[in-house]
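Trainee: Could you take me through the place where the ligand sits, slowly and in one go? I'd like to know what surrounds it and what the pocket is made of.

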Amino acid sequence: MSIRSRYQSYVWVEHLSRYVGETVTLRGWVYHRTRKGKLVFLRFRDGTGICQCVVFKPNVSEEVFERARSVTQESSAVVTGTVREESRAPGGYEIDVQELEILHLAVDYPITPKEHGPDFLLKHRHLWIRSPRQAAILRVRAGVERAIRDFLDGNGFIEADAPILTPSACEGTSTLFELEYFDLGNAYLSQSGQLYAEALAMALGKVYTFGPTFRAERSKTRRHLTEFWMVEPEAAFFTLDDIMDMAEDMVEYIVQYVLRHHRRELEFLGRDLGKLEKVRRPFYRMSYTEAVEWLQQHDVKLHRKTPDGKEILVDFPWGEDFGAPQEEALMEQFDKPCIVHRYPAEVKAFYMKRDPEDPRVVLAMDMLAPEKGGEIIGGSQREDDYEALKQRILEHNLPLEDFQWYLDLRKYGSVPHSGFGLGIERTVRWITGVEHIRETIPFPRMLYRIEP
Ligand code: 4AD
Ligand code: MG
């Protein structure tokens, strides 16, 4: 017989439907209070949901009624009462209160039901996360992460953690956070676990890293963070086609999982669920070259600066990387994600394999999300030839000695292999439909914000 501990007997708001007609004790915070004569209505939240607690004067002691009348927003409390089904109440259940004990009376909680500006809210992020909208987004985020692990574990991928402190760059040297590492010189915060994932794939076959990654990007946009979470599957023997198929499967799985398990939160956030229902394989695909032709045919121009500083608009030139305006224009025609593949070698990372059929391009792919979701995945088949990779490292002016271990993977039993990285916050932003990426991570790190 297993022992049932006390914590297992706590009743949570999300499970109230199991207790209709019974007397339960809830622990939580007062979200909102209204009074009407002999009645006090408390919106009570415990993190799992909100329920209305009704305090009716004739049913309780004088002390309890007085406590209910004067309790303040975000005070913590323990409520005991009978569960009643009430379709008009938020969450569908109400508590007829018998007892109310205040654990701690909150004084002047700064976030009131009135509108606050984003700067104020971000400064109070440690409290803002208590609001139902923020809590709903964070629940969806947890669901996205659960779905990812579910999908990868179910497909035989081994979770293997890559280091955060690294001696060299993975995604270009211009976005590195640098720090001093004792007597060993400079170290950097990891931009991607990929190089280590490749070594791990040669040891374990199919792996994924999942952790925080860092980019010292001076981008102040709605889709850039300086610290974000990335899951990076990497598999030996997989080709570009294999990871494109797998990326589609994984994103379909994530979206359908969240629809199944977090419908309530998505509805609360006002998300158009019909659009998410459509996210089923096959997604759309086009090569970079086809995408450029489309942009040219549809007159999506590029802003260019002339040598004397004038802004001009030019036809989108083959060879240029896409920015948000091009990606968004391209995606307007699509109701589900689109994979763009085979980008010009010049705009992509050193480790990507050239296309044997067209050496101007690499075997890379980006998955773009519809509804202005932007790039959620970047991946590629990796260069597996020792000499070719060494050449690329030199061309990119990277210090060869730092990459000797990485070259070793091409020296001892090299195999074709591929992988990709999916940005958690970009994905949560698209699925929840929130405007700004800062709401998709508990404590966002951005160009102008490191606190709280
Ligand atoms: O396209 P990226 O730079 O690819 C890599 O880092 C590869 N090493 C991944 C791999 O092949 N294993 O980044 C991958 C994803 C992007 O598609 C985007 O979703 C997210 O990471 N991302 C960011 N998210 C938030 N803020 C930023 N500054 C981001 N930069 C990239
Ligand atoms: Mg990318």
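Mentor: Happy to; here is a walk from the ligand outwards to the pocket around it. Keep in mind as we go that this is a predicted model.

Let's start with the ligand and its neighbours. Ligand 1 is surrounded by 24 residues, and the closest of them are Glu171, Gln194, Arg215, Glu232 and Glu375. If you sort this shell by residue type, you get eight nonpolar, eight polar and eight charged residues.

Now zoom in on some polar contacts. Glu171 places a polar side-chain atom 2.7 Å from a nitrogen atom of ligand 1. The side chain of Tyr351 also has an N or O atom facing a nitrogen atom of the ligand, at 3.3 Å. With Ile376 it is the backbone that takes part: one of its polar atoms is 2.9 Å from an oxygen atom of ligand 1. As for cover, ligand 1 taken alone would expose 630 Å², and the protein buries 94% of that.

Which elements build this shell? Those that give two or more residues are β11 (227-236), β19 (374-381) and β20 (417-423). The biggest contribution is from β19, with five residues.

Stepping back, you can see that ligand 1 sits in the largest pocket. That pocket has a volume of about 1200 Å³ and a lining of 49 residues. Nearest its centre are Glu171, Arg215, Glu217, Lys348 and Glu375. Glu171, Arg215 and Glu375 should sound familiar, as they are also among the residues closest to the ligand.

The elements giving two or more residues to this lining are β11, β19 and β20 again, together with α10 (324-331), β18 (364-369) and α13 (424-432). Here too β19 has the largest share, this time with six residues. By type, the lining divides into 19 nonpolar, 16 polar and 14 charged residues.

To set this beside something else, turn to the second largest pocket, which holds about 760 Å³ of space. Its lining counts 27 residues, with Thr48, Gly49, Ile50, Pro132 and Arg264 nearest the centre. The elements that give two or more residues there are β2 (39-45), β3 (50-56), α4 (132-154) and α7 (263-268). In this pocket a helix, α4, supplies the largest share, five residues. The lining is made up of 13 nonpolar, six polar and eight charged residues.

If you take one element back to the bench, make it β19, which gives the most residues to the shell around the ligand and the largest share of the lining of the largest pocket.

Conventions
Residues numbered from 1 in each chain as written. Chains lettered and ligands numbered in written order. Predicted model: local features only at pLDDT ≥ 70, side-chain atom pairs only at ≥ 80, totals over all residues. Heavy atoms only, no water. Near = heavy atom within 4 Å. Polar contact = N/O pair within 3.5 Å; in protein donor to acceptor, adjacent residues only side chain to side chain. Areas by Shrake-Rupley, 256 points an atom, 1.4 Å probe, with all protein chains shown as cover. 1 Å grid on protein atoms, 1.4 Å probe; cavity = no way out; pocket = protein on both sides within 12 Å on 5 of 7 lines; lining within 4 Å. Sits in = over half its atoms within 2 Å of the grid points. Helix = DSSP H or I, 4+ residues; strand = E, 2+ residues; numbered from the N terminus. Nonpolar A, V, L, I, M, F, W, Y, C, P; charged D, E, K, R; others polar. Points joined across faces, edges and corners; volume = space filled by probe spheres on them.
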